[in-house]
Amino acid sequence: MEHMKEIIEKCPVCEDENLLEHYQLKDYFLSQEKFTIQKCSACGFKLTNPRPTKESIVSYYKSEDYISHSNKSKGLFASLYKLARYINLSSKYSIISKNINIGKALDIGSGTGHFLNYLKNKQWEVQGIEPDKDASNFARENFNLQIDAESKISEFKDDSFDLITMWHVLEHVHDLNRRLTELEHIIKPEGMIILALPNPESYDANYYVKYWAAYDVPRHLYHFTKKDVLSLAKKHNFIVEKIYPMRLDAFYVSLLSEKYLGKKYGFIRAFLVALRSNFKSSSKNPNTSSLIYILRPNRA
Ligand SMILES: [Zn+2]
């Protein structure tokens, strides 16, 4: 299988042209191909480079493991998955309801629509963006949601949304700066943007190093630290108002990382690593496996 690749010449955060090799790692999840993570020598931003083009990356998402697209699976694992999904949805909603009043929401990367449906049931006016056809059809058929393709984002009028959410999505977006510029336009001045991103400075990331499952090359194009998110926010006239921990992710990520390591009894260690990762994150300085960033337009 031959995949088209492209090379990024400039750091997407600070525009510096001096990008140096940081890690060589494998796509353990699917292709087993090797990829390079480069680091900007000026600002430290890490990106997968070279990377598959927007067209060719589609083949790196083709896997039967995408349980999130199916609701029909049975058994203990599926029940645990549904429980985790419910905990996830209610914890996401509790962050939203603490920070903003009901209005109009856009979920970019809405997948099967479970999150949008949850918001809709809380009286939000909702719509979604999802490139995957099976997932967006599922959302339309099961929850009667309006889901559009990515190209729709540039067609929204300025100041269209009170809330825009991207749950583990920005790390997949090829044209990062263009997407953030679009968000600057379509969010209302009083609105709020939520970004959930893997945290390469977490305890589990430092523990698993190149086997850390949330590097997830080549699907994850960027590996954002808190500092990177602050810089990008500033560049696009946002302020980072709050950062929340995302505690469940450490368990899933550690379990996958142990699988990639191929060690016996990995699930026990994964559980301990995930506990430690959460324990080492304080409310003053959240540093869990993934983090939730609350961004607001900077109106100063
Ligand atoms: Zn840079």
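Which residues of α7 are buried? The points below take that up, then move to the sheets and the backbone outliers. The model is predicted.

1. **Buried residues of α7.** The buried residues of α7 are Asp-249, Ala-250, Phe-251, Val-253, Ser-254, Leu-256, Ser-257 and Glu-258. Their cover includes α5 (203-208), β11 (238-246), α8 (266-279) and β12 (290-297). As background, an α-helix has 3.6 residues a turn, so residues three or four places apart point the same way.

2. **Length and end of α7.** Helix α7 covers residues 249-261. With 13 residues at 1.5 Å a residue, the helix should span 18 Å. Its end C-alpha atoms are 18 Å apart, so the two values agree. Gly-262 follows α7, and its phi is positive, near 70°.

3. **Packing of α7 on α8.** How do α7 and α8 cross? Their axes come within 8 Å and cross at roughly 140°. The two helices are therefore oblique to each other. Angles over 145 degrees would count as roughly antiparallel, and the crossing is at roughly 140°. The crossing of α7 past α8 is right-handed. On the α7 side, the contact is made by Ala-250, Phe-251, Ser-254, Leu-255, Glu-258, Lys-259 and Leu-261. On the α8 side, the residues are Gly-266, Phe-267, Arg-269, Ala-270, Phe-271, Val-273, Ala-274, Ser-277 and Asn-278. Among the α7 contact residues, Ala-250, Phe-251, Ser-254 and Glu-258 also appear in the buried set.

4. **The three-stranded sheet.** An open sheet has the strand order β2-β3-β4, with antiparallel pairing. Its edge strands are β2 and β4 (46-48), each pairing on one side only. The twist averages 30° from one strand to the next. Strand β2 pairs with β3 (residues 34-40) in the antiparallel sense, over seven bridges. Within that strand pair, Leu-25 stands opposite Phe-35 in β3.

5. **Strand β9.** Is β9 enclosed or open? Six of the seven residues of β9 (residues 161-167) are buried, so the strand is largely enclosed by the rest of the structure. It pairs with β6 (residues 104-108) in the parallel sense, over three bridges. The bridge partner of Ala-105 in β9 is Leu-163. Strand β9 also pairs with β10 (residues 187-198), again in the parallel sense, over six bridges. There, Phe-161 stands opposite Ile-187 in β10.

6. **Cis peptide bonds.** Most residues other than glycine have a negative phi, and most peptide bonds are trans. Which residues does a cis peptide bond join? One such bond joins Asn-49 and Pro-50, with omega about 0°. Pro-50 lies in the loop between β4 and β5 (51-52). Another cis bond joins Val-217 and Pro-218, also with omega about 0°. Pro-218 is in the loop between α5 and α6 (226-235).

7. **Positive phi at two aspartates.** Asp-159 is not a glycine, yet its phi is positive, about 55°. This residue lies in the loop between β8 (147-148) and β9. Asp-159 is partly exposed, because 14 other C-beta atoms lie within 10 Å. Asp-216 also has a positive phi, near 35°, and is likewise not a glycine. Asp-216 lies in the loop between α5 and α6. Is Asp-216 buried or exposed? It is buried, because 23 other C-beta atoms lie within 10 Å. The loop between α5 and α6 thus holds both Asp-216 and the cis-bonded Pro-218.

8. **Lys-10.** Lys-10 sits in the loop between β1 (5-6) and β2 (19-26). It counts as exposed, because it has 12 C-beta neighbours inside 10 Å. The cut-off for exposed is 12 or fewer. Leaving aside neighbours within four places in sequence, Lys-10 is in contact with Glu-15, Asp-16 and Glu-17. Lys-10 and Leu-83 are 73 residues apart along the chain, and their C-alpha atoms are separated by 42 Å.

Methods:
Residues are numbered from 1 along each chain as its sequence is written. This is a predicted model: local features need pLDDT of at least 70, side-chain atom pairs count only at pLDDT 80 or more; totals for chains, interfaces and linings use all residues. Helices (H or I, at least four residues) and strands (E, at least two) are DSSP runs, numbered from the N terminus. The expected span of a helix is 1.5 Å times one less than its number of residues. A residue is buried if 20 or more other C-beta atoms lie within 10 Å of its own, exposed if 12 or fewer, and partly exposed in between; C-beta atoms are placed from the backbone. Two residues are in contact if their C-beta atoms, placed from the backbone, lie within 7 Å. Two strands pair if DSSP finds at least two bridges between them. Axes are lines fitted to C-alpha atoms, for helices over the stretch in contact, and angles run from 0 to 180 degrees between N-to-C directions. Angles under 35 degrees count as roughly parallel, over 145 as roughly antiparallel, 65 to 115 as roughly perpendicular and the rest as oblique. A crossing is left-handed if the near helix is turned anticlockwise from the far one by less than a right angle, and right-handed if clockwise.
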